[in-house]
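Trainee: I am new to this structure and would like a close look at a single part. Could you take me through one of the sheets and what lies around it?

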Amino acid sequence: MFGDVFQKDSVENIFNAFGVCDKIFKPMLTVNDMGISYRTINNWEANGLMLQERSSNRNWHKFSFVDFIWLNIVFELRQLGFPITKIKKLKDFLNEIIDDDCLLEVKRKEAWIFLNNSSLNRLILLLAEIMHNKNHIALLCNKNGDFYIYNEQEVKDDKFNLDISKFQFNNFVSVSLTDIIIKYLIGQKLEIIQESKILDERALELLTKLRTTHVTEVRFKINGQDELLIDAAVFDQHADFVVAIVRMILTLHYQEAFV
């Protein structure tokens with residue numbers, strides 16, 4: 001389960017990852033950008049699956065980066081046959097506002113002031129963990145409605161004596177938050193990604209080159225003289241190469257990238 005220790009240690013990552021965090025809440029996407037039909041989203045809203053209620057029922061609002069992530073979580077769970085009642089349980093957990101005790105753990109004054117004046121939930125915390133610490137995170141959900149936040153680095157380090165046995169031996173579904181962010185970075189307009197402020201200038205420049213030119217290889221400089229070469233020739237399709245590079249942007253601690 002998503003522990004209090006992790007939360008208190010990681011709240012400041014929201015400020016580190018997103019800076020002025022309101023950009024990730026800015027509604028910039030239409031229903032067409034979501035890849036999910038209006039009818040489906042409307043049905044989910046009627047069943048109480050939206051993170052936030054619409055301020056007006058007269059017009060369908062646009063969606064933010066956070067909305068995109070959540071609605072794609074719902075989409076994947078529904079595709080895998082997960083019932084609405086169980087998704088609502090997950091929604092309530094991820095949508096829970098970060099408490100004041102956790103905010104008091106924030107060390108930098110400017111970050112504390114900003115975060116203390118923001119309505120931030122656990123989902124934002126997980127997204128910040130991916131974007132700032134470059135950790136792969138997935139949601140594991142079993143048929144009983146239990147869920148587990150799988151942080152790949154924590155599992156490798158066995159930092160909190162985690163027990164995921166019930167997800168190893170019972171039927172469960174897995175939804176990768178990292179993969180949903182990759183979907184956003186590959187599918188949305190570059191100007192929208194730039195405005196959402198989820199990538200730093202270095203990563204945005206690399207993504208722009210991937211999306212606007214025919215890049216065939218990327219070399220990542222990692223530590224000193226160490227380099228990692230990703231060559232498009234080893235992939236069956238160029239689209240798979242692009243996905244691999246975007247995954248590196250999200251999960252690899254690199255100093256520079258050369259195309």
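Mentor: Happily; here is a walk through one sheet, its helices and the spaces in the protein.

First, the ground rules. This is a predicted model, in which local features need pLDDT of at least 70 and side-chain atom pairs count only at pLDDT 80 or more, while totals for chains, interfaces and linings use all residues. Residues are numbered from 1 along each chain as its sequence is written, and side-chain values use heavy atoms, with hydrogens and water left out.

For orientation, the protein has 15 helices and six strands. Both are DSSP runs, numbered from the N terminus: helices are H or I with at least four residues, strands are E with at least two. Of the 259 residues, 45% are buried, meaning under 20% relative accessible area with a 1.4 Å probe, protein chains only.

Now to your sheet. Three strands form an open sheet in the order β2-β1-β3, and the pairing is antiparallel; two strands pair if DSSP finds at least two bridges between them. β2 (147-151) and β3 (172-176) are the edge strands, each pairing on one side only. From one strand to the next, the twist averages 20°. Such angles run from 0 to 180 degrees between N-to-C directions, with axes fitted to C-alpha atoms, for helices over the stretch in contact.

Look next at strand β1 (residues 137-142), which is joined to β2 by five bridges, the two running antiparallel. You can find one partner pair easily: I137 has N151 in β2 as its bridge partner. Helix α5 (residues 65-79) packs on this sheet and touches β1 and β3, with its direction at about 150° to that of β3. Helix α12 (residues 177-187) also packs on the sheet, touching β1 and β3, but its direction makes about 40° with that of β3. Contact here means heavy atoms within 4.5 Å.

Let us move on to the empty spaces. Rolling a probe the size of a water molecule over the atoms shows where empty space is left. On a 1 Å grid over the protein atoms alone, a cavity is a set of points where a 1.4 Å probe fits but cannot get out; a pocket is an open set with protein on both sides within 12 Å along at least five of seven lines, and lining residues have an atom within 4 Å of a point. Points are joined across faces, edges and corners, and the volume is the space filled by probe spheres set on them.

The structure holds one cavity of 30 Å³ or more, and the largest cavity has a volume of about 40 Å³. Its lining consists of M50, L51, Q52, D67, W70 and L71. By class, that lining has four nonpolar, one polar and one charged residues; Ala, Val, Leu, Ile, Met, Phe, Trp, Tyr, Cys and Pro count as nonpolar, Asp, Glu, Lys and Arg as charged, and the others, Gly among them, as polar.

The second largest pocket has a volume of about 260 Å³. It is lined by 16 residues, and M131, K134, I198, L199 and D200 are the closest to its centre. Helix α9 gives the largest share of this lining, three residues. By class, the pocket's lining has nine nonpolar, three polar and four charged residues.

Key: Buried means under 20% relative accessible area, exposed over 50%, partly exposed in between (1.4 Å probe, protein chains only).
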